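Dear colleague,

Please find below the structure that I am handing over to you. My notes on it follow directly after, and I would be grateful if you read them with the model open.

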Amino acid sequence: MGTALIYDEEMTKYKLLWVDPACKIEVPERLTVSHGALVRNGLTDRCICLPVREAVDAEILLVHSEEYLEAVKQTPHMTLEDLKEFTLQYGDVYFHPNIYHCAKLAVGSALQLVDSVLMGKVKNGMALVRPPGHHSMRSAANGFCVFNNVAIAAQYAKQKYGVKRILIVDWDIHHGQGVQYCFEDDPSVLYFSWHRYEHQKFWPNLKDSDYDIVGKGEGAGFNINVPWNKVGMENSDYLSVFCHLLLPIAYEFCPDLVLVCAGFDSAIGDPEGEMCATPDIFAHLTYLLMNLAEGKLCAVLEGGYNLTSLAQSVCQTVQTLLGDPLPPLTNLTGPCRSTLESLQCVRAAHRQHWSCLRHAVDLPTFEISTKRIKLSGEGNKDEAEVGEEQKSPEEKIWPEPPKRICPPVCSAVVLPDGVVCPDACERLSSSEDLGPHLLTLKNDFLKDADDGAVTALSRVFSLIDKMKNNEIRNGLALVGDAAMTMTCVVQYVAAEVDSRVFLVCVGNGNIPSHVIEDGKTLVVQIKDEDTEEQGSKYYVPVCLKKGCTDTSGFAQAMFSLLLPLGYQYNPSLVLLVRMPGSGVCDIMWQQLTGLLQSFAHGHTLVLLQEDDKACVGPTASILLGNPAPPLGQLPASLKEDAEAVERLRSRLQADWNLLLTTAPENG
Ligand SMILES: CC(O)(O)NCCCCN
Ligand SMILES: [Zn+2]
């Protein structure tokens, strides 16, 4: 199934007709440069372009009041003076004779997207719309928004398709208070938003946007606000919040559909956000959400006012929806102090609502707060908390996101003769000349192994060579001895000058110490045997009481340890090994295989032991880019496991600060 793209130039046909500094950034060019970039990068040709349609009254009334709709209906006939007059009753928004038409098209686009995903015509998609929607409320336009496109889409999905649980992720740099108000008492819609806040000094200056607003009544816990109290946030800050807050809760919630308020004013260069995250971060944020709801993801454009970073961010998002390899994120320096304070506050506020946070020992018993007592005169402009004068957003420069090339072959496999090659995979032919490897193999790796093992190993090495040359994206091998093959692979890759192997070992089994010492391999082993070794910077033993069968414990290790470590290590190859008898359930295994493709341009080598032959199909399916099935709503992990993972994190975070979730005590 493909990726839908919804766009119509009709939505460019309204603009600000008078002087209003707050609104002048919301221009038609936002859509034309975004769509133009998609065309220029050949992405529109690869998408399924769906037609827009106007929303009908009944759809708009899913969220808005009749009186508000009736009032907006009058605007096409208004004079300029009437339009100005009409606009005055709302905040930071403008009207135009054609904006009502465009607002209906924006809603209709979002609904077209929801229809095509929920009817199974496409796997995911993006709607490029204006006016945006997430600030508009039941009876008010606000923040350039007229109708709440995404909130209406959520109500529509519930009403028309009976969708039980919807996750709305709002990565726009402003708080979508309109969405929050719409669902604050609704446990079937989990709304997550991060937003520039600066202790309520940033627009829309609402107490309702702070971390302690968690939803009301039945909806308590289903509203997550992450305030950014400083500008200049970077990729590390965004990833930390995804790994340590959003993903654990989202997996526990287990949504049937993911809607994204895709605002790109959270990207570098934007005059509103003044953040420093680069456009390629949206490739990762999109991908991390695609592992939920079996990939059913609808992204709807919200803000984004730097035309360069907006266009790049839109392309990064659509390329990921299309399944292209992710660009490695470089120099992740870890979250800043302000982020850690916000993260700690939000986790504490939601601890009682989500079992994934219940045992978080990193949360202090004392009350932490980022709220500022309004000192007299506090918050005036000259009190900039930044040091030297920073560049203005428009002066910011950043590298063009790297090209994301799809290798000619996605998944290549090495299988014993009797095993069938999964559809769409390419079997490494046995005719592969073994010459060059054979001798080294014999001498260096397998003194006394039989020819079969030597041949298999040489083919595994060929998989690695082909990934290095980007001839294939990923590989899978079913071998006689997974542990031995793992050791040989690590040795073989370590010979490369700048190689970094992220070895994820699922199940018990001894990892030879030479594998760990050279720092060219980072090992995370998830197992149940409680061996005494404490591990080191490059060896992370995750011992779960019930071992890999415990999906909650495994999931917690995946988000709070594996992902941050993988991002910070930035490997050139991911080696995923399923040790015999690991007990890990197929869906957990598939989720892990999916998430690990965030790294190394998707160059993942999976090793399975022959008696795990039944895993070949399910694993290949994920390697080919199919979404993993849902894990189901996750219960709390064992207290002792949660504490063990937290102890690991606190030991490792000195070396790997993407593991941090709290601001260090001192200074
Ligand atoms: C869609 C949006 O969130 O980007 N709108 C921002 C409005 C800012 C008004 N000061
Ligand atoms: Zn915004």
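The notes below take up the two sheets, the ligand site and some points of backbone geometry.

Please bear in mind throughout that this is a predicted model.

The first sheet

It may help to recall that the strands of a sheet pair through backbone hydrogen bonds, in either a parallel or an antiparallel manner. Here, an open sheet is built from eight strands, and its pairing is parallel. Reading across the sheet, the order is β2-β1-β3-β8-β7-β4-β5-β6. The edges are formed by β2 (48-50) and β6 (223-228), each of which pairs on one side only. On average, and with direction ignored, neighbouring strands in this sheet are turned by 15° against each other.

One pair may serve as an example. Strand β4, residues 166-170, runs parallel to strand β5, residues 189-196, and five bridges join the two. Within this pair, D170 of β4 stands opposite S193 in β5. A helix also packs on the sheet: α11 (residues 307-321) touches β1 (2-6), β3 (122-127) and β8 (297-301). The direction of α11 makes about 170° with that of β3.

The ligand site

Which residues come nearest to ligand 1? Of the 13 residues around the ligand, these are D92, H134, H135, D265 and Y305. Two of them can be described through their side chains. An N or O atom in the side chain of D92 is 2.8 Å from a nitrogen atom of ligand 1, and an N or O atom in the side chain of H135 is 2.7 Å from an oxygen atom of the ligand. G143 contributes through its backbone, where an N or O atom lies 3.1 Å from a nitrogen atom of ligand 1. Taken alone, the ligand exposes 330 Å², and the protein buries 97% of that area. Sorted by class, the shell around ligand 1 consists of four nonpolar, five polar and four charged residues.

The second sheet

Another open sheet of eight strands, again with parallel pairing, has the order β10-β9-β11-β16-β15-β12-β13-β14. Why do β10 (426-427) and β14 (539-543) each have one side without a neighbour in the sheet? They stand at the edges and have a single partner strand each, so one side of each is left free of a neighbour there.

Six bridges connect strand β12 (residues 501-506) with strand β13 (residues 521-527), and the two run parallel. C505 has Q525 in β13 as its bridge partner. Helix α16 (residues 482-494) packs on this sheet and touches β11 (472-479), β12, β13, β15 (573-578) and β16 (604-609). Helix α19 (residues 586-595) packs on the sheet as well, touching β12, β15 and β16. The direction of α16 makes about 170° with that of β15, and for α19 the angle with β15 is also about 170°.

Backbone geometry

Where do the cis peptide bonds described here lie? One runs from R130 to P131, with omega near 5°, and P131 belongs to the loop between β3 and α7 (149-161). Another joins W203 and P204, with omega about 5°; P204 is found in the loop between β5 and β6. Finally, E274 has a positive phi, near 55°, although the residue is not glycine. E274 lies in the loop between β7 (257-262) and α10 (281-290).

With kind regards

Note on methods
Residues numbered from 1 in each chain as written. Chains lettered and ligands numbered in written order. Predicted model: local features only at pLDDT ≥ 70, side-chain atom pairs only at ≥ 80, totals over all residues. Heavy atoms only, no water. Pairing = 2+ DSSP bridges. Helix = DSSP H or I, 4+ residues; strand = E, 2+ residues; numbered from the N terminus. Axes fitted to C-alpha atoms, helices over the stretch in contact; angles between N-to-C directions. Contact = heavy atoms within 4.5 Å. Near = heavy atom within 4 Å. Polar contact = N/O pair within 3.5 Å; in protein donor to acceptor, adjacent residues only side chain to side chain. Areas by Shrake-Rupley, 256 points an atom, 1.4 Å probe, with all protein chains shown as cover. Nonpolar A, V, L, I, M, F, W, Y, C, P; charged D, E, K, R; others polar.
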